[in-house]
Amino acid sequence: MDATRYPLTSFHWGTYRAETRDGKLRALHPFEEDPHPSPIGLDLPGLLNHPLRIKRPAIREGWLKRDRREDRRGRGSEPFVEVSWEEAETLVADELRRIIDKYGNEAIFGGSYGWASSGRFHHAQGQLKRFLNLIGGFVRSVNSYSLAAGEVIVDHVLGNYRHFIYRQTDWASIVGNTELFLAFGGLPIKNSQVGAGGIGRHRALEAMTQAKSAGVEFVNISPIRSDVTEALGAGWIAPRPNTDTALMLGLAHTLLVEGLHDTAFLDRCCVGFDRFSDYLLGRRDGQPKSAEWAARICEIDAETLRSLARRMAGGRTMISASWSLTRQDRGEQPIWMAVTLAAMLGQIGLPGGGFGLGYSAVNNIGLERADLEYQAFPQGNNAVSAFIPVARIADMLENPGAPFDYNGTTYRYPDIKAIYWAGGNPFHHHQDLNRLRRVWARPQTVIVHEWCWNPNARHADIVLPVTTPAERTDIALTPRDPYIVSMDQVADPPARVRNDFDIFASLAQKFGKRAAFDAGRDHAQWLAWIYERSRAKAGEAGVSLPTFEQLRERGWHKVEAAADPYVVLADFRADPDACPLKTPSGRIEIFSSTVDGFGYDDCPGHPSWKQPAEWPANEHRYPLHLISNQPRGKLHSQLDHGENSQARRVSGHEPVTMNPADAHARNIRDGDVVRVFNDRGACLCGAVVSDDIRPGVVQISTGAWFDPDETDAGTCRLGNPNVLTADRGTSPLAQGPSAQSCLVEIEKFLREISEIGVHRPPEFVART
């Protein structure tokens, strides 16, 4: 069978050849350019007509029957009434008009978070924002759940975080030049299965094995051994969670006191090292941040740290900090400290050296690619200035009008009356889901676009069913990946399911804005417009792309990278005066006068370590440190009901991995159903006992669909760890999510297990 004869489709987890018959997607086959295709997408053909597929617009029964001002705690448990598209769209338009007339556009929260489609046109977030902007605007969110703290601090330390987050020294430079690769937070291959905007070729595993063959030595610095693939033969240093900054400070202290730091680079390319070195040596607080000091905090031998520091200074070293390090108390600090440590080595801007932020966090990081800009679907201008940091949704809903600090300024939370969500699942991304569910009852109306009955749809009032990427034509066109893929429609959607563009175009018509929304273009014309504008931008950068017709005929095109590997800050290193950074000083800011001027106790003017709010020595009831990382069998919570995700369950629940010593102390064995709990909630998991995790630490991947047990308040039956994580900002600087870790206890679950309900459709009732 020649799979190349099949049409192409693309998702955030990869590109596939689609085998179709009679309008149905029968199977997906790996794209011929991809040596390591992700298995995630293989579940999709069986899910397009799954019982959980949303096939008609649906309205929560209580919303139809009761006044909007009454109690709305029925979200997530009440049955739905299926209605026609005309009625659903009329209800949506009338409700938005009522909210705007009574409260203004600042009462609407546009909650799309992305990841809905890899296509450049059918991008739910862009479609939603264009529509809401046309009717007067909305409250938006800023930064990401993935690395909000990193985004904000990088702006201050390096300037222009978008460039430094998504444009790292490429793998070819590492393969050819790096001698020692320090992976703070690991290099989890499971994370690199995905990439926003589509993936042509999964590169991370291939690149790592090439680097290993070239003699690169990898060191995994993480409580979890499997955070670096076994094939690399990496050394393993397993610190306590949330101590990465302290560990790096111990390394920096050794470099300083042993004269292994590069004073010439620090003087020429950085500012503020003198202020930082005073802190490092304890001149102000009386506590040197020595290897011995760090060893006590991290529970790592001091000589191990000193030896590692000397090895770092003895050859070309890449310091890699995973995005996960930002998702903890004071998550700004590990990123700031990783850049500072690299600056002390003086290798920033050299091939294979310096720092890297997020290698293997997604496939895009480190890709050899051209530096291009492509045309997006235009969103227009938002007339509402109010915003929130992305992870402060529950704070906003619970405390309208209350002040909050963010990046040096005090703002106030808006009073939200309506939430419009298209793309993403807040009942996956957000922390302390029991709190979120309580405050989710406050808005008068929640409108959601979804394709399956996940927790996001179940907690809505109006649910509009949308197509999947397989059911529409689009283009996977992202500057973060060298492949451009013409996405064919490879399956017919259910009869009463629509795409986001058609939904918003119809809603815009009810506001007299249809012409402004669609600009007189249909789907095909928009695709051609976006591509040809992108082609023109590429041409201005000296890159020739095929015509739209040529791309559609062939199916894909690869944009070749420059001949020389890309190295972060190479131009800056060569001439910092001619190529200054977009920081106040034009240099790397080891000490930031701007940040220092904000006066935040949790984020002073230089990297520092402070004991996190949840620390085992302070909380004897919950002695285990939970790490909630990314899942292996799905993208966030997408396709949780698929076979790939289901096959990874243990005794029907999300696995929890624990060290044999911790399991033995609790009489827990492999396969036992256990209850993981703290004061915020509990979840049921299947125990996996393994030496691959350090004692005192347990791990549960995120992404299990939130399945609250109505008979046991606060318990998720399927095993979502975000019922346990704290809804607390990283610091007033970024207010990012700090949900990567928290404290818990585990016990064997001896009661009768309630039936898991979230993988069954909700109840539907006739209209009364």
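**Notebook: salt bridges, cysteines, a loop glycine and a pocket**

I began with E87, which forms a salt bridge with R767, the closest N and O atoms being 2.3 Å apart. I then placed both partners: E87 is in helix α2 (residues 85–103), R767 is in the segment after β30 (741–748), and the pair links distant parts of the chain, 680 residues apart. The structure I am reading is a predicted model. I looked up the accessibility of each partner. E87 has a relative accessible area of 23% and is therefore partly exposed. R767, at 48%, is likewise partly exposed.

**Entry on R666 and E745**

I next examined R666, which forms a salt bridge with E745. The closest N and O atoms of this pair are 2.7 Å apart. R666 lies in the loop between α25 (660–665) and β26 (673–678), whereas E745 is in strand β30; 79 residues separate these distant parts of the chain. I noted that R666 and E745 are both buried.

**Entry on D461 and R75**

I asked how many salt bridges the structure holds. The search gave 51. I selected the one between D461 and R75, in which the closest N and O atoms are 2.7 Å apart. Which parts of the chain does this pair tie together? D461 is in the loop between α17 (455–458) and β19 (462–465), and R75 is in the loop between α1 (61–65) and β5 (80–82), so the bridge ties together parts that are 386 residues apart in sequence. I then checked whether each partner is buried or exposed. D461 has a relative accessibility of 0% and so counts as buried. R75 counts as buried because its relative accessibility is 2%.

I recorded one general point: side chains of opposite charge can pair when their charged atoms come close. I also found a network of salt bridges, in which E258, E292, E303, R306 and R310 are linked.

**Entry on cysteines**

I searched the whole structure for disulfides and found zero. C270 is in no disulfide, and the nearest cysteine sulfur, that of C269, is 6.1 Å away. With a relative accessibility of 7%, C270 counts as buried. I then asked why C452 forms no bond with the closest cysteine. The closest cysteine sulfur is in C716, and C452 cannot bond to it because the sulfur atoms are 16 Å apart, which is too far; the cut-off for a disulfide is 2.5 Å. C452 is also buried, since its relative accessibility is 2%.

**Entry on G233**

I located G233 in the loop between β9 (217–221) and β10 (235–237). Is G233 buried or exposed? At 57% relative accessibility, G233 counts as exposed, because exposed means over 50%. I also took the C-alpha to C-alpha distance from G233 to F218, which is 7.5 Å, with the two residues 15 apart in sequence.

**Entry on the second largest pocket**

Last, I looked up the second largest pocket, whose volume is about 470 Å³. I asked which of its lining residues are closest to its centre. Of the 22 residues that line this pocket, those closest to the centre are R632, P655, T657, Q699 and S701. I sorted the lining by class and obtained six nonpolar, eight polar and eight charged residues.

Definitions and conventions. Residues numbered from 1 in each chain as written. Predicted model: local features only at pLDDT ≥ 70, side-chain atom pairs only at ≥ 80, totals over all residues. Heavy atoms only, no water. Helix = DSSP H or I, 4+ residues; strand = E, 2+ residues; numbered from the N terminus. Buried < 20%, exposed > 50% of the residue type's maximum accessible area, 1.4 Å probe, protein only. Salt bridge = Lys/Arg side-chain N within 4 Å of Asp/Glu carboxyl O. 1 Å grid on protein atoms, 1.4 Å probe; cavity = no way out; pocket = protein on both sides within 12 Å on 5 of 7 lines; lining within 4 Å. Points joined across faces, edges and corners; volume = space filled by probe spheres on them. Nonpolar A, V, L, I, M, F, W, Y, C, P; charged D, E, K, R; others polar.
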